[in-house]
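Trainee: Pick one part of this model and look at it closely. Then work outward into the rest of the fold, step by step.

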Amino acid sequence: MTSTATEARLARRLYELRLEKGWSLESLAEMTGISRASLSRIERNESSPTASLMNRLCIAYGLTMSRLLSEVEEQGPEYLRLAEQPVWHDRESGYERRGVSPPASQFKGEIIEGRLRGGALIEYHAPPVEGMEQHIWVLSGPLIFSMSQRQWRLEAGECLRFHLSGPTSFHAPDEAGAHYALVVCR
């Protein structure tokens with residue numbers, strides 16, 4: 001599946017979610033701090049949302065980014081070949097997200113592969129679901145992860161587990177970037 005097809009389904013799903021809630025573009029703009037024009041372009045698939053904008057939309061809809069993205073992917077089999085794993089790119093921040101084991105109704109966990117180009121920084125102002133258990137395992141790095149007032153520098157092979165709260169950020173300080181696995185538990 002191409003990312004173009006995924007982005008088209010994402011745009012359609014975001015539009016559907018807004019209609020299901022009975023929200024206008026103006027009210028969603030007020031809730032998320034995203035301009036009405038940007039929301040309109042995203043819903044018409046004229047623009048792809050950044051990771052930060054996706055997080056704001058997920059907070060408004062009460063969904064994790066993984067859950068939202070799983071809604072636009074076809075329900076997959078138990079065994080997913082590499083080519084079948086959905087990939088989403090935030091071209092602006094240099095973030096690539098692969099759903100290695102995407103969310104499914106019959107499973108409580110999911111595995112996400114994240115890649116950040118060198119110098120990339122992704123900031124989320126709030127968690128989509130407060131208190132959600134997560135684990136970051138750095139495959140190559142380093143990766144600097146911040147949550148609320150705390151910060152960790154994780155090197156290859158190191159793991160951090162936590163319950164998500166407050167603002168967070170992921171930063172790849174080295175030129176080579178960072179590659180990590182994120183395990184999300186419902």
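Mentor: Start with S148. Its relative accessibility is 35%, so S148 counts as partly exposed, the class between buried, under 20%, and exposed, over 50%. Keep in mind that this is a predicted model. S148 sits in the loop between β6 and β7, where β7 covers 150-154. What is notable about its backbone? Phi of S148 is near 55°. That is a positive value, and the residue is not glycine.

N45 makes a good companion. Here too phi is positive in a residue other than glycine, near 60°. N45 belongs to the loop between α3 and α4. Its relative accessible area is 33%, so N45 is partly exposed. A further positive phi comes just after α4, at G62, with about 70°.

Go back to β6, residues 143-147. The loop between β5 (133-140) and β6 holds P142. The peptide bond joining G141 and P142 is cis, with omega about 15°. What meets this turn of chain? A178 is in contact with both G141 and P142. S140 and L143 are also among the contacts of A178.

A178 deserves a closer look. A178 lies in strand β10, residues 178-185. Its relative accessible area is 4%, so A178 is buried. Beyond the β5-β6 side, A178 also touches G114, R115, L116 and A172, leaving aside neighbours within four places in sequence. Take the pair with G114. The two residues are 64 apart in sequence, yet their C-alpha atoms lie 8.0 Å apart in space.

That stretch leads into the core. G114, R115 and L116 are also touched by Y95. The other contacts of Y95, more than four places away in sequence, are A51, W88, H89, D90, I112, I122, Y124 and Y180. How many residues form the largest nonpolar core? The count is 44. Y95, L116 and I136 have the most contacts inside it. Helix α4, residues 51-61, gives the most to this core, with six residues. The buried residues of α4 are A51, M54, N55, L57, C58, A60 and Y61. An α-helix has 3.6 residues a turn, so residues three or four places apart point the same way.

I112 gives a link to helix α5. Y95 touches I112, and S66 touches I112 as well. S66 is found in α5, residues 65-72. At 5% relative accessibility, S66 counts as buried. R97, P103 and E110 are its other contacts, not counting residues up to four places away in sequence.

Last, the helices before the N45 loop. How do α2 and α3 pack? Helix α2 covers residues 25-32 and helix α3 covers 36-43. Their angle is about 110°, with the axes 9 Å apart. Angles of 65 to 115 degrees count as roughly perpendicular, so α2 and α3 are roughly perpendicular to each other. The crossing of α2 past α3 is right-handed. On the α2 side, L25, E26, L28, A29 and T32 take part. They meet R36, L39, S40 and E43 of α3. By class, the contact has four nonpolar, two polar and three charged residues.

Note on methods: Residues numbered from 1 in each chain as written. Predicted model: local features only at pLDDT ≥ 70, side-chain atom pairs only at ≥ 80, totals over all residues. Heavy atoms only, no water. Core = buried A, V, L, I, M, F, W, Y, C linked by side-chain atoms within 4.5 Å. Buried < 20%, exposed > 50% of the residue type's maximum accessible area, 1.4 Å probe, protein only. Helix = DSSP H or I, 4+ residues; strand = E, 2+ residues; numbered from the N terminus. Contact = heavy atoms within 4.5 Å. Axes fitted to C-alpha atoms, helices over the stretch in contact; angles between N-to-C directions. Parallel < 35°, antiparallel > 145°, perpendicular 65-115°, else oblique. Left-handed = near helix turned anticlockwise from the far one by under 90°. Nonpolar A, V, L, I, M, F, W, Y, C, P; charged D, E, K, R; others polar.
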